[in-house]
Amino acid sequence: MEHSEIIIGGDTAGIEWRVPVFRFKGSDAKAPSVYIQAALHANELPGTALAHFLLETLREAEADGAILGDITVVPQANPIGLAQSHFGEMQGRFELGSRTNFNRDFPLIALAERETLLENLDRRSAADRLKRTLLHTALGADLVIDLHCDDESLQYAYIDDAFWPEATDLAAALDMQAVFLSDGESSAFEEAVGHAFKHQGGDKLSSVPGRLAVTVELRGRRDVYPEMAKADAAGLWQFLAGRGVVSDSAHRAKDYAGPAIPLDNIEMVRAPEPGTVLFHRDIGDTVKAGDLLATLITRPGEPDGTLPVKAGHDGLIATRTSARYARRGEDLMKIACHEATRKDRKPGTLED
Ligand SMILES: [Zn+2]
């Protein structure tokens, strides 16, 4: 194993950011290579915990000669966000200086243009340099896994149609309860990787066998526990074994039994008015159209001071906000539905 660091100079004097990178050299040149990254949104730590335990397993595997493909792991990808403490709370999603999302505005390039990512890096901001260096590193691999989490959430993933259904093995290995089939139309890290994989010269590819770019949502932000992280690491190991990145004679492929849902079928339940949120239903619940999901206390103490929020469609509650006060229009839940719930969705991911 090679342990190195990506070093990024800060935007002010005296600051330098360091991103640890772990690399394992595979013994079989024909085996697929993999890039695994965690906590690009710095306050999403289930992936960092997973990567910690996976690295332990990979070190043992290396000693046993079981690493077949090249493996790169970046367990804590965003030291800039990690350091942003604002009024006592980590701000790991947006860069405070530019107000940009750490997981948006990745350059959409063809795979052959990979080296252009590193051109004129010293003229770019630290956040841009971080993004370009991570993307450049990832594009050296065949399989790219970006580990995030939601707020309160089931285990699910965003997977571009181009990699589905080949990626059912990942969904099964990580015991996902849903897969959201994305359209590859945003500038998130995973979509920039997918863009490069689909643009390898000639026409855009609609399917890219042997490649993968995925955003895994490892449940909720507070779902960081030793046994959970070890089980997730073991699941990811099983995926790697199934793809022939590592060798494990005990590997048995599992079937994925959960739903695969186009983004147009995700009902975003929003608060029509501001208020204190009383949830009646939780993640993992199956609901019917018309079911009461939450009551908003919009005018506390007044008769008729509440507003019911009901499900618009039948489906599975995949995520829920952890906040108990909702501003007008704020997202309360995502429900994975059997049918299209709206026609007004802009291409790209569901939220900023
Ligand atoms: Zn995230």
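Two strands count as paired here if DSSP finds at least two bridges between them, and in this predicted model a first selection that meets the criterion is strand β16 (residues 292–297) together with β17, which pair in the antiparallel sense over five bridges. Within that pair, select Thr295 and look across to β17, where Pro308 is the bridge partner.

Now widen the selection to the sheet to which these strands belong: four strands form an open sheet in the order β17-β16-β14-β19, with antiparallel pairing. The edges are held by β17 (306–310) and β19 (325–326), each of which has a single partner strand, so one side of each is left without a neighbour in the sheet.

Next, move to β7 (143–150), where eight of the eight residues are buried, so the strand is largely enclosed by the rest of the structure. In a regular strand the side chains alternate between the two faces of the sheet. Colouring β7 by face shows Leu143, Ile145, Leu147 and Cys149 on one side and Val144, Asp146, His148 and Asp150 on the other, and all of these are buried. Which strands pair with β7 in the parallel sense? One is β3, joined to β7 by five bridges and running parallel, and another is β11, which pairs with β7 in the parallel sense over seven bridges. To find these pairings in the viewer, select Tyr35 with its bridge partner Val144 in β7, and then Asp150 with its bridge partner Gly220 in β11.

From here, select helix α6 (residues 226–242), whose 17 residues should span 24 Å at 1.5 Å a residue, and whose end C-alpha atoms are 24 Å apart, which agrees. Its buried residues include Asp232, Trp237 and Phe239, and the buried residues of α6 pack against β3 (34–38), α1 (46–63), β7, α4 (168–173) and β11 (212–220). Just after the helix comes Gly244, whose phi is positive, near 80 degrees.

Finally, display the largest nonpolar core, which has 79 residues and in which Leu58, Ile145, Leu170 and Phe189 have the most contacts; α1 gives the most to this core, with eight residues. Apart from it lies another core, of 16 residues, among them Val277, Val309, Met333 and Ile335. To end the tour, centre on Phe189, which, leaving aside residues up to four places away in sequence, touches residues including Tyr35, Phe106, Leu134, Val144 and Asp146.

Conventions. Residues are numbered from 1 along each chain as its sequence is written. This is a predicted model: local features need pLDDT of at least 70, side-chain atom pairs count only at pLDDT 80 or more; totals for chains, interfaces and linings use all residues. Side-chain values use heavy atoms; hydrogens and water are left out. Helices (H or I, at least four residues) and strands (E, at least two) are DSSP runs, numbered from the N terminus. The expected span of a helix is 1.5 Å times one less than its number of residues. Buried means under 20% relative accessible area, exposed over 50%, partly exposed in between (1.4 Å probe, protein chains only). Contact means heavy atoms within 4.5 Å. A nonpolar core is a set of buried Ala, Val, Leu, Ile, Met, Phe, Trp, Tyr and Cys residues joined through side-chain atoms within 4.5 Å.
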